[in-house]
Structure formats: structure tokens, C-alpha cells
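Visitor: I am new to this structure and should be grateful for a guided introduction. May we look at it together?

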Amino acid sequence: MIRRPLAAAALALCGFGAAACGGGEATGTGAAAPAASPPAAARDTASGTAGGTAAGSADGTPATPDTGAASPVTRTASESAARPLSGKVVVIDPGHNGGNFRHTREINRQVNILTQKKACDTTGTSTNDGYTEAAFTWDVSNRLARLLRDQGATVRLTRADNTGWGPCINQRAAIGNKAHADAAISIHGDGAAPGAHGFHVIMPKKIGGPVDPVVGDSQRLGRKVRDAFHNGTGLPYSTYIGRQALNYRSDLGGLNLSTVPKIFIECGNMRNAGEARRFRDASFRQTIAESLAKGLKAYLTTR
């Protein structure tokens, strides 16, 4: 989830969802997240490596992940059946970064997202007991990456660990563009009012910019992921934003600057006690990843 930029000295935890981010087009009713603090270590964090080196460097500049697409591979018919996503490129964007709270000056730097200027990145939200959104998205993203690679997809992640800072929101979009991704997904957890619950998918609007040609495909991607996520996890549609778990925005740099089909998903409300408890469960995070993989596969194999 994302907020409008705050002063570095008082940067608040925030996310993408309307309730927690104060985005111009968001109309949620959630309360703001508390001030940022060093994130608690993620429990049962998935192992595995991501493509690239997105962690912040010693000189304060975020490194750029490896985003080049893989060379074409020729497969037999039986191999193609067993690996239905062969030849497809998917970019996964784990929201925020575990070291962002140490780099308030850098992540508060304003970047142009065409409809306005926004902060380079934000710290993200957390559960009330300190499980951070950055740790949650990193774990789910790595689980999802393994599932997609097992089906033959080439997968790129926008960051390589959960200890650095950034990349900025414009760079996250550029990674998907450079990879010529067939689909891109940014994974988040919201920080709404405790009584709010449920998940929602965020899709782009036409803005007279680079995203316009892929708005239709992004909406198809969003619906496929929405359906698979709902069926797979059993989580309800959001009770506080969107309609049938679908929300359309023009104030998110990761969408506005994308030239490939792309969506965001707020997997639920990390401030809701019931959903927070499930997010801390490694087996449920695996269920989330499997549900997302099914949605991506449904989109990529029916285009």
C-alpha cells in the first residue's frame, strides 16, 4: 500500500490501498498507520533468490535489478504441456523494501508519475505486532516466483532482498517494461482501519500516457487474478474500497508508467486481526502464492 509523501522525520508506515495511503482517488475509511520503526523479522520467510540486485548501495543509490529477458528456448510438445508458461515473462514486484525506513531522505525524493509527483517509495504498513508489509510481500513473491518458474515462466523480481531500499516506483515500472513482461504484478498488504477486511485488485486507468495501450489487458489480468485469489484463499472482497474487489486508479506510478499489462493486489488488511493472523502463517502465504499463480496462468494461457 502507498501514501502521499511525508516529511522524512515523520515518515509513516503506509501502503497502496485507499484506506492507508491517502491516494487522490482512494476513498477508503481506514486510519493511518503508525510511525515507522525498524521492521520485525519475517517468520518462516521463504528462501530463494530473486533476479537482480535491487538493494540500496553503500553510496545511497539503489542498484538496478537484472531485468533482461531470457533467451528463447525450444521445447518439445510434451515439455510444453508440462510447462505451460514456457516462453512467458512475468515480473513480480514485492511492495516496498525492508530497509526503506533507514533511508527516509532517499525514499521521500519526488518522482514524476505523469499525473502528479510522488515519493520514490514508502515504508509500507505492518501488523499490529510488527510483521512488516515488506517482509510479507517478499515472502509471497519468492513463493510465487518458484511456482511460475516450475511451469516454465521466466520470472524477474524488482528487488533482490528485503534489507535494502527502493527501487523507486518509476524504476519498478521500468523493470517490467525492459523485460517486455507478458504480465506484471505488484504484491502488497493494506493498512486500513482494523474493522475493514478483504482483498482488492488495483488496475490502471487511461491517462494519455504509456499505460493506455495495455489498460484493457491489465483489466483482463486483474479479473483473472481476482477470481483465482478469491477462490483459492477464501478471503472476501474488500469491504472498504472498490467494487467486487476491483479498483481503478491513475495515481500510482507503477501502473501509470507501465507499458506491459500490470496490476497491484492488496492481499488483505494487515491491521485486521484475523487477516494479520493468517498472513503470519507460512502455509497461508503459500496458499496466497498458489492462488496468484493460478490467476496469472489463466491470463497468460488465454490471451
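The following questions and answers concern the nonpolar core and the disulfide.

Guide: This is a predicted model, in which local features need pLDDT of at least 70 and side-chain atom pairs count only at pLDDT 80 or more, while totals for chains, interfaces and linings use all residues. Residues are numbered from 1 along each chain as its sequence is written, and side-chain values use heavy atoms, with hydrogens and water left out.

Visitor: Which helix gives the most residues to the largest nonpolar core?

Guide: A nonpolar core is a set of buried Ala, Val, Leu, Ile, Met, Phe, Trp, Tyr and Cys residues joined through side-chain atoms within 4.5 Å; buried means under 20% relative accessible area (1.4 Å probe, protein chains only). The largest one has 39 residues, and Ile92, Leu144, Leu148, Ile185, Ile265 and Leu292 touch the most other members. Elements that each supply at least two residues include strand 1 (89–94), helix 4 (133–150) and helix 9 (282–300), where helices (H or I, at least four residues) and strands (E, at least two) are DSSP runs numbered from the N terminus. The greatest contribution, eight residues, comes from helix 9.

Visitor: How far apart in sequence are the parts that the disulfide of Cys120 and Cys168 ties together?

Guide: A disulfide is a pair of cysteine sulfur atoms within 2.5 Å, and the sulfur atoms of Cys120 and Cys168 are 2.0 Å apart. Both cysteines are buried. Cys120 lies in the loop between strand 3 (117–119) and helix 4, and Cys168 in the loop between strand 4 and helix 5 (169–178), so the parts tied together are separated in sequence by 48 residues.

Notes: Buried means under 20% relative accessible area, exposed over 50%, partly exposed in between (1.4 Å probe, protein chains only).
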